[in-house]
Amino acid sequence: MRKFTTICLAALAAVLLFARCNSDMEYHSESTSASVAVYSFGFQADDSVLANLDTVFFSIDLDRALIFNGDSLPYGTHVDKLVPKITMLEGVSLATLTARDADGKEVVHDYLESQDDTVNFTHPVYLDVKSPDGLVSRRYTITVNVHTAVTDTLVWDRAALRTLPSNLGTVADQHTTNTADGIYCLSTDNRGSWCVAYTQHAFGDVWDYATPALPAGAKLNSFTGTADALYILDNAGVLYRSTDGGKTWLSTGQTWSNIYGGVDKTILGNVKTSTGWQYTQYPAGGCNGMAMESDMPVTGTSQLVDFMFSFSDEHQAVMVGGVTSNGSTTGAVWAYDGANWAKLNGNFAKDLSGVTLLPYYAVRVSNTWVATDYSLIMAMGGVDENDAVNDTVYVTTNYGMTWEKAPDMLQLPEYLPDFYGAQAFVEETTLTSRSASAWVDMPFAYRLPASAVFVPSVFPATRATKPITSWECPFIYLFGGYSKDGELHNSVWRAAITRFTFKPIQ
């Protein structure tokens, strides 16, 4: 999704190869562009500025005489006193760096006389090079890019805040789910009216509204989607199915107690019988009708996260927390392998119900400044048996086997209210350099920092490949949830790791 490519100097290599085969090289090369080419650019090591500063990679565009670091330096890096390292043709007659000092005054550094001068790179610096015979000259523009925000922080964007999508005057409660077609938000008011809102792309914030013909006594919090259908239970536990976006519903003929979630095209749940609790699923199969373990949660579990391993064709799923049949809150982690349920060895960090679980990505940056994203599952929100709301984000990188507190960069901001029972979804969105969300800033009761804004960065293009005009960014959408007092949060928040909103390097 995000590719990191470098400049190809094939043309220059071909010129130099030809020159080495030509006995007149020392006489003829001075009148060619190769005589003023910059072969490499970088900085001397300086840990007081940045660890591994000497490994930062710079691209060199010989056609346009541009030198720049496509992957910007970390936010806050001071670049006003850096010592450049430049490789050019031996014997060039001139190599000067023209920069500006803190007062904006022009300063010229003679690189041939002193290669240890510190140079101010807070503004573009011009490198002038002349061939050994002085007949050919070239001016390069050197740009040192520094991120204007902490790039690997999960930012909950002020401009991406809106009320729950509904055409009802007042939303008293809601539950949101998704299918392969998009996101569906089911809401109700205090008068018993219903609305189902649908969008194919949440980033565009265009919703279709319909009045669903729900079964009498429909249980809002059981509203769940699979890849191809929507499901809901009524007060008697009858399982209903909709294949037209929630407008009409038909009974499946099954009676359940609770729904865990959807895995591909299968809905999973449980039923309490005269002999105890049993697993159930629709369409029937797998562990359907089998007795549940006594410590298996029966309600209050997190969203069920559906995934696939590269070595298996079967959909897998994982969920955390919930309330067991004896009424105790659990922190157990349960997984479904396509046929059976099993409790994983490693418990979740806390005993919670109403946890919000979602698959996402984070970024590792090596000591040579190569950024690689990796998959993880995030858990946020939830409430314990004392009604205390969890405000810590936890992550797993091994599909729920072990959990740890997420890095500070992934923790929720103070301005986002504590919640439990919210639903979150991740949607890949195609961004461009001019992308702008249809979401708008709106008055809200929480204080928001001015830095929490969506500002895509644009880096210089290179001639290595076809210019990048669009890229994919995974956005998180958090719907509703409840406060510690049980009040509905009438809001949808959007978030993304800042780095993912930037145009990738070429």
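This report walks through selected features of one predicted protein model.

## Ground rules

The model is predicted, so local features need pLDDT of at least 70, side-chain atom pairs count only at pLDDT 80 or more, and totals for chains, interfaces and linings use all residues. Residues are numbered from 1 along each chain as its sequence is written, and side-chain values use heavy atoms, with hydrogens and water left out.

Strands are DSSP runs of type E with at least two residues, numbered from the N terminus. Buried means under 20% relative accessible area, exposed means over 50%, and partly exposed lies in between (1.4 Å probe, protein chains only).

## A three-stranded sheet

Three strands form an open sheet in the order β18-β19-β20. Their pairing is antiparallel. Two strands count as paired if DSSP finds at least two bridges between them. The edges belong to β18 (258-263) and β20. Each has a single partner strand, so one side of each has no neighbour in the sheet. On average, neighbouring strands here are turned by 20° against each other, direction ignored. For such angles, axes are lines fitted to C-alpha atoms, and values run from 0 to 180 degrees between N-to-C directions.

Strand β19 (residues 266-273) is joined to β20 by seven bridges. One bridge pairs Thr273 with Gly276 of β20.

## The loop after β20

The loop between β20 (276-282) and β21 (305-308) holds Met296. Is Met296 buried or exposed? Met296 has 0% relative accessibility, so this residue counts as buried. Contact means heavy atoms within 4.5 Å. Beyond its neighbours within four places in sequence, Met296 touches Tyr260, Tyr279, Met319, Thr324, Ser325, Trp334 and Trp341. The C-alpha atoms of Met296 and Gly322 are 8.7 Å apart, with their positions 26 residues apart along the chain.

Pro283 sits in the loop between β20 and β21 too. The peptide bond from Tyr282 to Pro283 is cis, with omega near -5°. Most residues other than glycine have a negative phi, and most peptide bonds are trans.

## Positive phi at Tyr399

Tyr399 is not a glycine, yet its phi is positive, about 60°. Tyr399 lies in the loop between β27 (394-396) and β28 (404-405). With a relative accessible area of 33%, Tyr399 is partly exposed.

## Gln174 and its partners

Gln174 belongs to strand β10 (residues 173-179). Its relative accessible area is 1%, so Gln174 is buried. Which side chains make polar contacts with Gln174? One is Thr176, at 2.6 Å. Another is Gln423, at 2.9 Å. A polar contact is a pair of N or O atoms within 3.5 Å; within protein, one must be able to donate a hydrogen and the other to accept it, and residues adjacent in sequence count only if both atoms are side-chain atoms.

Leaving aside neighbours within four places in sequence, the residues in contact with Gln174 include Leu164, Cys185, Leu220, Phe479 and Tyr482.

## Two nonpolar cores

A nonpolar core is a set of buried Ala, Val, Leu, Ile, Met, Phe, Trp, Tyr and Cys residues joined through side-chain atoms within 4.5 Å. The largest has 42 residues. Leu154, Trp156, Met378 and Ile476 touch the most other members. Strands that each supply at least two residues include β9 (154-162), β26 (371-380) and β30 (470-479). Strand β30 gives the most, with seven residues.

Outside its neighbours within four places in sequence, Leu154 contacts Tyr360, Met378, Met409, Leu410, Ile476, Ala495, Ala496 and Ile497. A second, separate core has 33 residues, among them Met88, Leu89, Val92 and Phe121.

## Salt bridges

Side chains of opposite charge can pair when their charged atoms come close. A salt bridge is a side-chain nitrogen of Lys or Arg within 4 Å of a carboxyl oxygen of Asp or Glu. How many salt bridges does a search of the whole structure find? It finds six.

One of them joins Arg162 and Asp205, with the closest N and O atoms 2.8 Å apart. This pair links distant parts of the chain, 43 residues apart: Arg162 is in strand β9, and Asp205 is in the loop between β12 and β13. Arg162 counts as buried, at 15% relative accessibility. Asp205 is not a glycine, but its phi is positive, near 55°.

Asp61 and Arg64 form another salt bridge, at 3.0 Å from N to O. Asp61 is buried at 1%, whereas Arg64 is partly exposed at 45%. Arg191 and Asp189 also pair, with their closest N and O atoms 3.4 Å apart. Arg191 is exposed at 71%, while Asp189 is buried at 8%.

Conventions: Helices (H or I, at least four residues) and strands (E, at least two) are DSSP runs, numbered from the N terminus.
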